[in-house]
Amino acid sequence: MEGVRPLEENVGNAPRPRFERNKLLLVASVVQALGLLLCLTYVCQHSHAPEVSLQYPPIENIMTQLQILTSHECEEDSFILPLQKRDGTMEVQNNSVVIQCDGFYLLSLKGYFSQEVSISLHYRKGEEPFPILKKTKFANSNVVLKLGYKDKVYLNVTTDSASCKQLSVNAGELIVILQNPGGYCAP
Amino acid sequence: MEGVRPLEENVGNAPRPRFERNKLLLVASVVQALGLLLCLTYVCQHSHAPEVSLQYPPIENIMTQLQILTSHECEEDSFILPLQKRDGTMEVQNNSVVIQCDGFYLLSLKGYFSQEVSISLHYRKGEEPFPILKKTKFANSNVVLKLGYKDKVYLNVTTDSASCKQLSVNAGELIVILQNPGGYCAP
Amino acid sequence: MEGVRPLEENVGNAPRPRFERNKLLLVASVVQALGLLLCLTYVCQHSHAPEVSLQYPPIENIMTQLQILTSHECEEDSFILPLQKRDGTMEVQNNSVVIQCDGFYLLSLKGYFSQEVSISLHYRKGEEPFPILKKTKFANSNVVLKLGYKDKVYLNVTTDSASCKQLSVNAGELIVILQNPGGYCAP
């Protein structure tokens, strides 16, 4: 009965395929285990992910302070009011608020001028400026305008009597806030 | 020692359960592999899912242009100003802006009228209209109102002197924007 | 050939490690199966999760009604207008709207007063109040202010002629709405 060997011996001389098969099974189990590990890691990460509390992407806004011209800058009775950024996500370039996103904007102009002024709000080449202030010393004027990428908002001041040298403004602010975020924004 | 057979032979005549068990194991492994495949596909899909950048659902808004009555439409000194939709997510029906969502709305009326006008803003049956403009030719008037589903916003114009035939408006706009989205919206 | 036993017998007396190995394999498979079950449950839950439709977290807002002083409360020509909350997410304390979140706010004051009044809007100790209304009976005045946590908005009324006892207001409302949510909010 030579052909019958104890199990181990059988295995030892088992025909190659069964050894291959066991090796294959081992590899398959290892792969399965790794795959499972990957899944479990993902599940753990995401099941403990903090409940995503909806945070607003910042809404386009800016607060600028109205500056007064230094004497050498102001020559006539009509000039562009210098703006300086105080707060917000938007930017000021060459005394203009740069519009990056399309949409409706609420613009609020406030301030106490030392003399009666008229202010027109410019925002687009070829478009009539908007007369946001008419012959007044105290400004609290709001306007809603449809603006878009490439528009630039700046203020042109006209003073009747004396030239701009005598003009000063106290607590002068221009605030610009996008009202309907979600439109096109330049990258 | 007739009862002892080489391994293969043993397997061949192995009692039925072991064959069943192996078949069962095979099925179990296949099911496990498929399950794992499903998980891995899900993990791959979602781990490469683009970082969800929070996008705003569109905010209720509309821009309408103020039209002028054709002569046969205007008979007296007080009439409803025709509105035409220019932009936005809301709608105009019968010269009225239809309100679908509850909330606070910012309404902005702008324009240059050919004669002094007074404009009252109507929005709900039985409610006093709001006097948004009083005897003026230039309009830049804003108001915040609490509106709700079924309200309809329209403008009633009153002209003192001549009747509506002589009235014209330039760059006339009514813009309506929801200020606190998230309230009830009609389906 | 005493050493050779039928397979089952071999197994019975198999050296301890093979029995351990099978037990180990069994445990591993069970663990794998459980892990897989966990993954599949997670996948099922999340693949059927309703498409999260982006909802707006509520925007800070409030509508208050302007009340009139009872005779014993009003002594001089300048007093604080009592406010009563009508709607919104913010609160009124001691006739003041309490600001919890930093940001730009649109404040809208409306109403018909029985006599000419001037109203100044106070919001921060040491800060000049804002003259939101000047000698008028009809109010529809809006202002955009940058407010922050700990600010408190209240209205101070000045009447010229008679004292506050004769003053009444109809449809008087102060609405306050945050324009750029996403800033710091007190817990």
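The following exercises, with worked solutions, concern the disulfides and nonpolar cores of a predicted model.

**Exercise 1.** Determine how many disulfides there are over all chains, and identify the cysteines that form them.

*Solution.* The criterion is a pair of cysteine sulfur atoms within 2.5 Å. In chain A, the sulfur atoms of Cys101(A) and Cys185(A) are 1.9 Å apart. Cys101(B) and Cys185(B) are joined with an S to S distance of 1.9 Å. For Cys101(C) and Cys185(C) the separation is 2.0 Å. The count over all chains is 3 disulfides.

**Exercise 2.** Locate Cys101(C) and Cys185(C) in chain C, and state what their pairing ties together.

*Solution.* Cys101(C) lies in the loop between strand E5 (96–98) and strand E6 (103–122) of chain C. Cys185(C) belongs to the segment after strand E9 (169–178) of that chain, so the pair ties together parts 84 residues apart in sequence. The link is right-handed, with 110 degrees about the S-S bond.

**Exercise 3.** Classify Cys101(C) as buried or exposed, and classify Cys185(C) likewise.

*Solution.* Buried requires under 20% relative accessible area, and exposed over 50%. Cys101(C), at 3%, is therefore buried. Cys185(C) has 36% and is therefore partly exposed.

**Exercise 4.** Describe the largest nonpolar core and the surroundings of Ile119(C).

*Solution.* The largest nonpolar core has 123 residues. Phe113(C) and Ile119(C) are among the residues with the most contacts inside it. Leaving aside residues up to four places away in sequence, Ile119(C) touches residues including Leu81(C), Phe113(C), Phe130(C) and Val157(C). Another core, of 12 residues, lies apart from the largest one and includes Val43(A), Cys39(C), Tyr42(C) and Val43(C).

Note on methods. Residues numbered from 1 in each chain as written. Chains lettered and ligands numbered in written order. Predicted model: local features only at pLDDT ≥ 70, side-chain atom pairs only at ≥ 80, totals over all residues. Heavy atoms only, no water. Core = buried A, V, L, I, M, F, W, Y, C linked by side-chain atoms within 4.5 Å. Buried < 20%, exposed > 50% of the residue type's maximum accessible area, 1.4 Å probe, protein only. Contact = heavy atoms within 4.5 Å. Helix = DSSP H or I, 4+ residues; strand = E, 2+ residues; numbered from the N terminus.
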